Amino acid sequence: MGDLPHGWPENEGAQEQAVAATINIFIVDDQTLLRRALSALVSSQQGLAVVGEAEDVSEAEPLLPLLQPHVLVVNLDSREMDAESAVSFLVTRTPAARVLGLTSETDPQAHARTIGAGAAGIVDKRHEPEVLFKAIHKVHAGELWLARYDMAAIVSGLVRLRSADAHEASKVATLTRREHEIISCIAEGLRNRQVGERLFISEATVRNHVSSILDKLDLSDRLELVLYAFS
C-alpha cells in the first residue's frame, strides 16, 4: 500500500496478461482540459482504458450503468461538488466499481472522511503519474490505497487513543475466528459482498458479523475498523 511502483509488466507474458485483463475507467473532473489530459494519460497505459468522462456526478449517473467501469477516478478538489457526498453517491450507484480520489488536500482527517464515505483510495496529485497507475491496479484488485504518510498519521492518532485503554486486549479476546477473518478481509478493502464470496458465506451474514465486531471493539464504522486492524 502506497509504495512507489517499479514498473510493470516486466515481460511479454505479463504484458499479454495485462491486455487480457483491461481495467475500464471512468473519470469525473469539472475541469475539461485537465479531464481530457488525464484521460489521454491513463489511456496511454497498457491494460487501462478510459470508457467515459463526466464533469460531475449528475452527468456521470446515467452513463455509469451503461459503461460499467471497474474504477472511477474522481477529482475530489472540484468546486462543484462535496467530496464525501460525491464519493458516497458514486459508491451507491456503482456498487461493483471502486472509487479512487485525486486530491491536493493533505489533511489526513479529510482523507479519513473520504475513505469512510466509501472511496477505495486517495492519490496525491503531486505524485508522478506512475503512482496513479499503480493505485488504479491496486484498488481494482480489491486493496485499499493510501500514502504511507497518510495512513501513519491516521493510525498513530488512533494508537495514542487506544494505548490508554487497559481493556483493549480483553475486547480483542472476545472476537471469534470468523470475525478475525472478516477483519482481515475488510482491512484489504473488500466490501461485504466480496468478503462473503471469499469466505463462502452470505452478504447478510457478513453484515451481521461486522455489526458484532464493531460492537465488541467499541468502534463506530468500517473506517475505524480498518485503522484498528492496521494499528
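A nonpolar core is here a set of buried Ala, Val, Leu, Ile, Met, Phe, Trp, Tyr and Cys residues joined through side-chain atoms within 4.5 Å. The legends below describe close-up views of a predicted model.

**Figure 1. Nonpolar cores of the predicted model.** The largest nonpolar core comprises 44 residues. Within this core, the residues with the most contacts are Leu72, Val74, Ile182, Leu217 and Leu225. Another core, of 20 residues, lies apart from it and includes Ile27, Leu38, Val50 and Val71.

**Figure 2. Strand S1 and its pairing with strands S2 and S3.** Strand S1 spans residues 23-28, and 5 of its 6 residues are buried, so the strand is largely enclosed by the rest of the structure. S1 runs parallel to strand S2 (residues 48-54), to which it is joined by 6 bridges. In this pairing, Ile25 has Val50 of S2 as its bridge partner. S1 also pairs with strand S3 (residues 71-75), again in the parallel sense, through 4 bridges. Here Phe26 is matched with Leu72 of S3 as its bridge partner. Leu72 is also among the residues with the most contacts inside the largest nonpolar core. Helix H2 (residues 32-43) takes part in a right-handed β-α-β unit together with S1 and S2.

**Figure 3. Strands S4 and S5 with the crossover through helix H6.** Strand S4 (residues 98-103) and strand S5 run parallel and are joined by 4 bridges. Gly101 stands opposite Ile122 of S5. The chain passes from S4 through helix H6 (residues 108-116) to S5, forming a right-handed β-α-β crossover. In S5 (residues 121-124), Gly121 and Val123 point one way, whereas Ile122 and Asp124 point the other way. In a regular strand the side chains alternate between the two faces of the sheet. All four of these S5 residues are buried.

**Figure 4. Surroundings of Thr114 in helix H6.** Residues are counted as buried under 20% relative accessible area. Thr114 has 5% relative accessibility and therefore counts as buried. Beyond its neighbours within four places in sequence, Thr114 is in contact with Leu76, Glu84, Val87, Ala119 and Ile122. Of these, Ile122 is a buried residue of S5. Pro108, Ala110, His111, Ala112 and Ile115 of H6 are buried as well. Just after the helix, Gly118 adopts a positive phi of about 125°.

**Figure 5. Helix H7 and its packing against other elements.** Helix H7 (residues 129-140) contains 12 residues. From its first C-alpha to its last, H7 reaches 17 Å, close to the 16 Å expected at 1.5 Å a residue. The buried residues of H7 are Val131, Leu132, Phe133, Lys134, Ala135, Ile136 and Val139. They pack against S1, H2, S2, S3, S4 and S5. Just after H7, Gly142 takes a positive phi of about 100°.

**Figure 6. Confidence along the protein chain.** The protein chain has an average pLDDT of 82, and 81% of the residues score at least 70. Confidence is highest in S1, at 97, and lowest in helix H1 (residues 12-20), at a mean of 44. Over residues 1-20, pLDDT stays under 50. For residues 1-20, the model has 28 contacts beyond four places in sequence. Where pLDDT is low, the predicted coordinates should not be read in detail.

Key
Residues numbered from 1 in each chain as written. Predicted model: local features only at pLDDT ≥ 70, side-chain atom pairs only at ≥ 80, totals over all residues. Heavy atoms only, no water. Buried < 20%, exposed > 50% of the residue type's maximum accessible area, 1.4 Å probe, protein only. Helix = DSSP H or I, 4+ residues; strand = E, 2+ residues; numbered from the N terminus. Pairing = 2+ DSSP bridges. Right-handed = clockwise from strand over helix to strand, strands pointing away. pLDDT = per-residue confidence, 0-100. Contact = heavy atoms within 4.5 Å. Expected span 1.5 Å × (residues − 1).
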